[in-house]
Structures are given as C-alpha cells and as structure tokens.
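The exercises below are meant to be worked with the sequence and the model side by side. Try each task before reading its solution.

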Amino acid sequence: MKIKELMSIIDNHVPLKTAESWDNIGLLIGSNESEINGILTTLDCTDAIVNQAIDNDYNTIIAHHPLIFKGVKSIIDDGYGQLIQKIIRHDINLIALHTNLDNHVNGVNQMLANKLKLNNIQFLTQENETYFKVQTYIPKEDIETFKNSLDLVGLAKEGNYEYCFYESEGRGQFKPVGEAKPYLGQINNIEYVNEVKIEFMIKDSQYELAEKAIISNHPYETPVYDFIKMTKTANYGLGKIGNMEEAMPLAEFVKFVKRQLGIPSVRYTGDSDKLIRNVAIIGGSGIGFESLAFNKGADIFITGDVKHHDALDAQTNGITILDINHYSEYVMREGLKDLLKHWLNTENVNFPIEASNINTDPFNYS
C-alpha cells in the first residue's frame, strides 16, 4: 500500500476537513508514492520515536501532534531542523492527525471517556455538515450507462454503500431552435422523451466533481440538473460528555482518573466533597469550553494546560475543573492503532501497525 492510498482511507474515516482551521495535518514529510512497510503511532514525533521507527524498519509515523506547526523558517543542523533532516534522510513518512482525530466520533476524547468508563457518551459540541442532493433527467435508454459513469468517479456513495441512486420516470419535452445540435428531436419541433429523474447525494467537497461528471456524461447537449444545498448534524465534534455509573466525591474521583489514565500528577478546583457523576472531557487544551460543559449539566470539566487565571475564574464561577495535563492524550497511541487496523481490515495489508511505548512527556514529576 502506498502513502496516497493510506491517506485516502484516513480522509474517508477521519476527514482532514474536520480539523480546526489553524491546524497542520496530513502528510507533513514524505512521498505519496512511498510503499508502506510499517506504521508506528505516537503522541509526539521526537528523536526517540524516529529511532524506534528506524530500529523496527517502519517507514511511516503517524503522530497526533504536528511536528511542523508554528512555521519552520529554516532546516539546519539544530533542534527541529536536525530532526526533520533525520526523518528525510531515512525516507520516513510523517503524518499528523490532530484536531480531526480529536473531533472524530471514536477519536481522542472518546478514548479518554472510555478509559474513565463513562456511559451515555455524546459530543460536547457537534457540528453541522453541508451536503447536496443532486437531480438530473436522463432518457430512459441511457440511464444505466450514465449511472455507471458517475459510480466510476466515486459519486453516489453513502457510508459503506455504493450506487445509491433514486429513479422516478416521467415525460420531458423541449424544442431545439437556432444552432442547437440536439441528441434527440428536430430543429423547431417539440420533442417528447421518456425520461428518468435520477437523484443522489454528494459531499460538499464533491460539488465540482459531480457537475463535471454530469456535463461530461449526459447525452444531452444542454443537460438540466439541480444541486440542492442541505445540512445535517455531523458525526464529529469537539469533546465528549457522559456519566459515571455511580457518583463519587471529587477527591475520590480525582484518584480514580489518575489511576485509570496512569498519570503522575493532576490539579483540580472545587470542593473535595462535591459529588461527581456527569463528566465533560476535551483532551489537550480545552479551556474556553468549561461554561458550555456546565451549562450541559457537567459536574466537572476535564482538560489540560489550565493556566492560573483560568483556574481562578472557574473557581470564582463555581465551575469544577480537573487538569490532567496535555500528555494524557497518549491514550491515542493504542486507540489509533486499533482504528487503523479496523479501517484497513478489508485491504491487502502486509505490514505491521504498532503503538509506540515511548513516553514523550517533556516534564519530570516529583
């Protein structure tokens, strides 16, 4: 399997467009034509991670945090430049799946929620997704050829289903005039045709592809077609909210979280005796969504990278926050490995997919 084939599968399951606008994701280093001989999943791409990939002869690293993020102005023998050179020198492909993996229905926040054994898990924030219903009219005798042409370019697909068309028969009419070169009928004569209206759905990203396919493959000189813009609740969003099987005091809940996530240190605000049952989570750095979480009934908001003044504001407003630090997202190493194996289970995959066991937390704890 080539990198471009892997990226197509990834984009189908965890679309790159669902990442935040400020993010930097996808293939950051490497070649779309590179044949994959092994995949290593990791939270961060560090020198130790690259060495692990080299030692295991894996030429593809998929990291959660983008190595190239803030803007690289030079690649020299120092710091990140040295690391990038090493990746290139050993022909390693580096892929980043960041906020698109955060926002995925089974992504990082779901992985954290599963670790905490939450029930009735839902998105904390959910997006709307734009799509189009397309309809056009085809002479009955040309219907199958036309549908096949759309199917060949990847249109009319819904999830795990292909060739998703709806047909309804009717009678069309038109009169060619002037310099028209009609597929059917004569100049200045009204022509009646047994036609079939075809309807199918497309993603918003397929608009140009669908229009081009209709014009190129429609038998009429001037085809009639409509793109009807629609929205639906998307199956992705930021954060998760769920509930514990039984409520427990905050101090006890904090110990439970440390134990479940295997992290050495946490910080929290609020009364240690407060009962915790409804839990909202945004892994990484989610400050700014704590009020939304509590408006949705959360007893506690779990995230990382909480600053002093954010914690003080939360305490003043009676909002309980648990800071599990940014490295808690390490759960994605095993989680992404499992997702990749599931996404690739119908493909001819002859390479290993493994999760790195290297701790990339830059902090020491005492």
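Two strands count as paired if DSSP finds at least two bridges between them. The model is a predicted one, and every answer below should be read in that light.

**Exercise 1. Determine the strand order of the open sheet of 5 strands, and explain which strands stand at its edges.**

Solution. Begin with the pair formed by strand β3 (residues 60-63) and strand β4 (residues 93-96), which run parallel and are joined by 4 bridges; within this pair, I61 has L94 of β4 as its bridge partner. Next, turn to β2, which also runs parallel to β3 and is joined to β3 by 4 bridges, with L40 standing opposite I61 of β3. Extending the ladder in both directions gives the order β1-β4-β3-β2-β13, in which the pairing is mixed. Because β1 (26-29) and β13 (353-355) each have a single partner strand, they are the edges, and one side of each is left without a neighbour in the sheet. From one strand to the next, the twist averages 25 degrees.

**Exercise 2. Find which residues of β2 point one way and which point the other way, and then identify the helix that lies across β2.**

Solution. Following β2 along the chain, one sees that I39 and T41 point one way whereas L40 and T42 point the other way, and that all of them are buried. The helix is α1, which lies across β1, β2 (39-42), β3 and β4 and runs at about 10 degrees to β4. For a residue-level view, take L6: leaving aside neighbours within four places in sequence, L6 is in contact with M1, I36, I39, I62, I95 and L344.

**Exercise 3. Describe the largest nonpolar core and name the element that gives the most to this core.**

Solution. The largest nonpolar core has 48 residues, and those with the most contacts inside it are L6, I62, F253, V279, I302 and L322. The elements that each supply at least two residues include α1 (3-13), α5 (108-115), β8, β10 and α11 (332-343). The element that gives the most is α8, with 6 residues.

**Exercise 4. Trace the partners of strand β8 (residues 225-249).**

Solution. On one count, β8 runs antiparallel to strand β5 (residues 119-139), and 14 bridges join the two; here Q126 has G237 of β8 as its bridge partner. On another, β8 pairs in the antiparallel sense with strand β10 (residues 275-281) over 6 bridges, and N243 has N278 of β10 as its partner.

**Exercise 5. Characterise the packing of helix α6 (residues 143-152) against helix α7 (residues 207-217), and decide whether K147 is buried or exposed.**

Solution. Two packed helices are described by the angle between their axes and the distance between the axes. In this case the axes come within 10 Å and cross at roughly 145 degrees, and the crossing of α6 past α7 is right-handed. The contact is made by F146, S149 and L150 of α6 together with A213, I214 and N217 of α7, a group that divides into 4 nonpolar, 2 polar and no charged residues.

K147 is also found in α6. Its relative accessible area is 6%, and because buried means under 20%, K147 is buried. Not counting residues up to four places away in sequence, K147 touches Y163, F165, E167 and I198. The C-alpha atoms of K147 and I198 are separated by 8.6 Å, although the two residues are 51 residues apart along the chain.

Conventions
Residues are numbered from 1 along each chain as its sequence is written. This is a predicted model: local features need pLDDT of at least 70, side-chain atom pairs count only at pLDDT 80 or more; totals for chains, interfaces and linings use all residues. Side-chain values use heavy atoms; hydrogens and water are left out. Axes are lines fitted to C-alpha atoms, for helices over the stretch in contact, and angles run from 0 to 180 degrees between N-to-C directions. A crossing is left-handed if the near helix is turned anticlockwise from the far one by less than a right angle, and right-handed if clockwise. Contact means heavy atoms within 4.5 Å. Ala, Val, Leu, Ile, Met, Phe, Trp, Tyr, Cys and Pro count as nonpolar, Asp, Glu, Lys and Arg as charged, and the others, Gly among them, as polar. A nonpolar core is a set of buried Ala, Val, Leu, Ile, Met, Phe, Trp, Tyr and Cys residues joined through side-chain atoms within 4.5 Å. Buried means under 20% relative accessible area, exposed over 50%, partly exposed in between (1.4 Å probe, protein chains only).
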